[in-house]
Amino acid sequence: MTHDQTIENETEEFHGEEMGDMVQRLKVRRALQEVLHQSQLQGNLVLGVHEAANELAVGEDAIRLCLLVENPHADPGIQVHCRLIEAYCWEWAIPVIKVNNSRKLWEMTEHQETLREPLHCVLVKNLVAEVNPVSTVLEFARGAPAPMLNII
């Protein structure tokens with residue numbers, strides 16, 4: 001894939017959006033990729049709805065970011081769990097970002113196992129907020145309640 005094709009694929013979703021918004025979302029998406037990569041290397045990711053619920057039950061102090069997949073076609077039980085996790089995160093002032101693609105989120109976590117079921121939730125623990133990609137992602141997350149980020 002050429003550089004031009006990569007840019008075209010990345011910008012397809014922004015059709016009709018202003019250039020500044022498009023650039024900001026691309027910046028946030030790349031920052032999120034870096035945050036997930038570093039967190040994966042450090043063992044600071046919690047993958048899956050049930051695992052996230054268990055982690056939050058143990059203690060929310062270490063959780064710094066919650067990613068939820070917005071999928072209206074998901075199993076109703078999973079949707080309920082996701083809403084409860086979202087509400088819990090809001091209660092404890094944990095930033096929440098919603099994303100649109102379960103498979104892409106799985107790929108972004110760089111998890112080596114095969115995907116047995118869709119990934120609906122990722123918790124990120126122990127972030128250092130001064131690191132540039134982290135501050136970019138947290139700034140985006142705090143810009144609106146559970147903002148949507150397309151990660152096609």
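A disulfide is a pair of cysteine sulfur atoms within 2.5 Å. By that criterion, this predicted model holds 0 disulfides.

## Cysteines

C66 is in no disulfide, and the nearest cysteine sulfur, that of C89, is 3.9 Å away. C66 is also buried, at 0% relative accessibility. For C82, the closest cysteine sulfur belongs to C121 and lies 6.1 Å away, which is too far for a bond because a disulfide requires sulfur atoms within 2.5 Å. C82 is likewise buried, with a relative accessible area of 3%.

## Overall organisation

The protein contains 6 helices and 5 strands. Along the sequence these elements follow the pattern α-α-β-α-β-α-β-α-β-α-β. Of the 152 residues, 41% count as buried. Among contacts with a separation of 6 or more, 77% are between residues 24 or more positions apart.

## The sheet

The 5 strands form an open sheet with mixed pairing, in the order β1-β4-β2-β3-β5. The edges are occupied by β1 (45-47) and β5 (148-149); each has a single partner strand, so one side of each is left without a neighbour in the sheet. Helix α3 (residues 49-58) packs on this sheet and touches β1, β2 (63-69) and β4. The direction of α3 makes about 40 degrees with that of β4.

Three of the strand pairings are set out below, each with one pair of residues or the sense of the pairing.

| Strands | Bridges | Sense | Residues facing each other |
|---|---|---|---|
| β1 and β4 (residues 121-125) | 3 bridges | antiparallel | V46 and L123 |
| β2 and β4 | 5 bridges | antiparallel | L67 and V122 |
| β2 and β3 | 4 bridges | parallel | L68 and K98 |

Strand β2 thus pairs with β4 in the antiparallel sense and with β3 in the parallel sense. Strand β2 is also mostly covered, since 6 of its 7 residues are buried.

## Nonpolar cores

In soluble globular proteins, nonpolar side chains tend to be buried together. The largest nonpolar core of this model has 26 residues, of which L36, L65, I97, L105 and V122 touch the most other members. The elements giving two or more residues to this core are α2 (19-42), β1, β2, β3 (96-99), α5 (102-108), β4 and α6 (132-142). A second, separate core of 16 residues includes V46, L68, C82 and V96.

Residue L65 offers a detailed view of the largest core. Beyond residues up to four places away in sequence, L65 touches L32, I94, P95, I97, V122, L123, V124, L127, V137, L138 and A141. Two of the residues in this list, I97 and V122, are themselves named with L65 among those that touch the most other core members.

## Individual residues

T109 is placed in the loop between α5 and β4. Despite this loop position, T109 is buried, with a relative accessible area of 0%. A polar atom of the T109 side chain lies 2.6 Å from the backbone oxygen of W106. Leaving aside neighbours within four places in sequence, T109 is in contact with Q40, L45, L47, L119 and V122.

Y88 lies in helix α4 (residues 76-91) and is partly exposed, at 29% relative accessibility. Outside its neighbours within four places in sequence, Y88 is in contact with L56 and E60. Y88 and L56 are 32 residues apart in sequence, and their C-alpha atoms are 8.2 Å apart in space.

Two alanines have positive phi values. Phi of A93 is near 55 degrees, and that of A146 is about 45 degrees; neither residue is a glycine. A93 is placed in the loop between α4 and β3, whereas A146 is in the loop between α6 and β5. Their accessibility contrasts: A93 is exposed, at 65% relative accessibility, while A146 is buried, with a relative accessible area of 14%.

Definitions and conventions. Residues numbered from 1 in each chain as written. Predicted model: local features only at pLDDT ≥ 70, side-chain atom pairs only at ≥ 80, totals over all residues. Heavy atoms only, no water. Pairing = 2+ DSSP bridges. Contact = heavy atoms within 4.5 Å. Axes fitted to C-alpha atoms, helices over the stretch in contact; angles between N-to-C directions. Buried < 20%, exposed > 50% of the residue type's maximum accessible area, 1.4 Å probe, protein only. Core = buried A, V, L, I, M, F, W, Y, C linked by side-chain atoms within 4.5 Å. Polar contact = N/O pair within 3.5 Å; in protein donor to acceptor, adjacent residues only side chain to side chain.
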